[in-house]
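Welcome, and thanks for taking a look. Here is a short briefing to read alongside the sequence and the 3D view.

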Amino acid sequence: MLNQDLIIQGCIDGDRRAQQSLYEHFYGKMLAVCMRYANGHDEALDMFQESFIKVFKNLPKYGKQGSFEGWVRRIMVNTCIDHIRKNKKNNQMVELDDKHGSIQVDQEEDAGILEHVSFSDLIQMVQLLSPAYRSVFNMYIVDGFTHQEISDSLGISIGTSKSNLAKAKGNLRKMLKEKVEKLAG
């Protein structure tokens with residue numbers, strides 16, 4: 001964006017070109033944020049659209065405290081969490097039993113595995129996690145929430161948050177290891 005303050009003010013004033021410019025500027029980055037929480041592209045688009053409506057609605061409240069992109073990202077993440085909360089019955093935000101357990105891989109092996117996997121492969125693997133695991137993983141690892149904040153946001157216990165995170169990491173390790181074995185074999 002050439003002049004962020006002018007674009008923001010244009011959006012507040014209802015200037016369609018300013019709104020389109022802001023939307024296009026954040027489309028790729030923020031859709032990627034939504035993809036981390038969604039079950040698929042269509043759901044991510046729904047989350048993104050709902051989030052951007054909130055961005056436009058709340059622009060007059062943006063107080064220029066911190067980065068504007070961070071402010072937009074926070075709206076995106078919160079909207080995704082709200083979406084998950086609304087669809088909690090479908091997502092089954094509960095601790096899954098041990099048959100869905102994980103394998104342990106030591107840190108040296110983890111580093112070696114990651115050398116052979118692209119970022120897009122890793123994102124696809126995160127998408128394969130169950131909604132419960134994926135949500136906690138994204139909130140804790142990517143967005144920096146605490147287990148208490150995750151518990152409060154999703155209506156699950158702190159123990160469930162910790163368990164789902166551990167199982168998400170374990171499942172990702174397993175998927176990564178299988179991917180590397182396929183490449184080597």
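Which pattern does the protein follow when read along the sequence? The answer is α-α-α-α-α-α-α-α-α-α, and the count agrees, with 10 helices and 0 strands. Please keep in mind that this is a predicted model.

**Overall picture**

- The protein has 185 residues, and buried residues make up 41% of them.
- If we take the contacts between residues at least 6 apart in sequence, 71% of them join residues at least 24 apart.
- The structure holds 7 salt bridges, several of which appear further down.

**Helix H4 and the nonpolar core**

- Helix H4 runs over residues 68-86, which gives it 19 residues. From first C-alpha to last it reaches 27 Å, close to the 27 Å expected at 1.5 Å a residue.
- Many H4 positions are buried, among them Phe68, Trp71, Val72, Ile75 and Met76 in the earlier part of the list, and Cys80, Ile81, His83 and Ile84 further along.
- The largest nonpolar core has 45 residues, and those touching the most other members are Leu22, Phe68, Trp71, Val72, Met76 and Leu154.
- Two or more residues of this core come from each of helix H1 (4-12), H2, helix H3 (41-58), H4, helix H7 (119-128), H8, helix H9 (147-154) and helix H10 (158-184). H4 gives the most, with 9 residues.
- Tryptophan 71 is worth a click in the viewer: leaving aside residues up to four places away in sequence, it touches Val55, Asn58, Leu59 and Tyr62.

**Salt bridges**

- As a reminder, side chains of opposite charge can pair when their charged atoms come close.
- Glu50, Lys54, Asp82, Arg85 and Lys86 are linked in a network of salt bridges.
- Within that network, the side chains of lysine 54 and glutamate 50 meet at 4.0 Å, N to O. Both residues lie in helix H3, 4 residues apart, about one turn of the helix.
- Lysine 54 counts as partly exposed because its relative accessibility is 25%, and glutamate 50 counts as partly exposed because its own value is 24%.
- Glutamate 50 also forms a salt bridge with lysine 86, at 3.5 Å from N to O. This pair links distant parts of the chain, with glutamate 50 in helix H3 and lysine 86 in helix H4, 36 residues apart.
- Lysine 86 has a relative accessible area of 61%, so this residue is exposed.
- Another salt bridge joins glutamate 69 and arginine 73, whose closest N and O atoms are 3.7 Å apart. The two are separated by about one helical turn because they sit 4 residues apart in helix H4.
- Glutamate 69 is partly exposed, with a relative accessible area of 25%, and arginine 73 is partly exposed too, at 29% relative accessibility.

**Arginine 134, a buried charge**

- Arginine 134 is found in helix H8, which spans residues 131-142.
- How far away is the nearest side chain of opposite charge to arginine 134? That side chain belongs to glutamate 43 and is 5.2 Å away. A salt bridge needs a side-chain nitrogen within 4 Å of a carboxyl oxygen, and arginine 134, though buried, has no salt bridge.
- The side chain of arginine 134 does reach the backbone oxygen of leucine 129, at 3.1 Å.
- Not counting residues up to four places away in sequence, arginine 134 touches Arg36, Tyr37, Ala38, Asn39, Val126, Gln127 and Leu129.

**Two more positions to look at**

- Is histidine 147, in helix H9, buried or exposed? Histidine 147 counts as buried because its relative accessibility is 12%, and the cut-off for buried is under 20%.
- Beyond residues up to four places away in sequence, histidine 147 touches Tyr140, Ile158, Ser161, Lys162 and Leu165.
- Alanine 32 is found in helix H2, residues 16-37. With a relative accessible area of 40%, alanine 32 is partly exposed.
- Alanine 32 and leucine 45 are 13 residues apart along the chain, and their C-alpha atoms are separated by 9.8 Å.

Conventions
Residues numbered from 1 in each chain as written. Predicted model: local features only at pLDDT ≥ 70, side-chain atom pairs only at ≥ 80, totals over all residues. Heavy atoms only, no water. Buried < 20%, exposed > 50% of the residue type's maximum accessible area, 1.4 Å probe, protein only. Lys, Arg positive; Asp, Glu negative; His and termini not counted. Polar contact = N/O pair within 3.5 Å; in protein donor to acceptor, adjacent residues only side chain to side chain. Contact = heavy atoms within 4.5 Å. Expected span 1.5 Å × (residues − 1). Core = buried A, V, L, I, M, F, W, Y, C linked by side-chain atoms within 4.5 Å.
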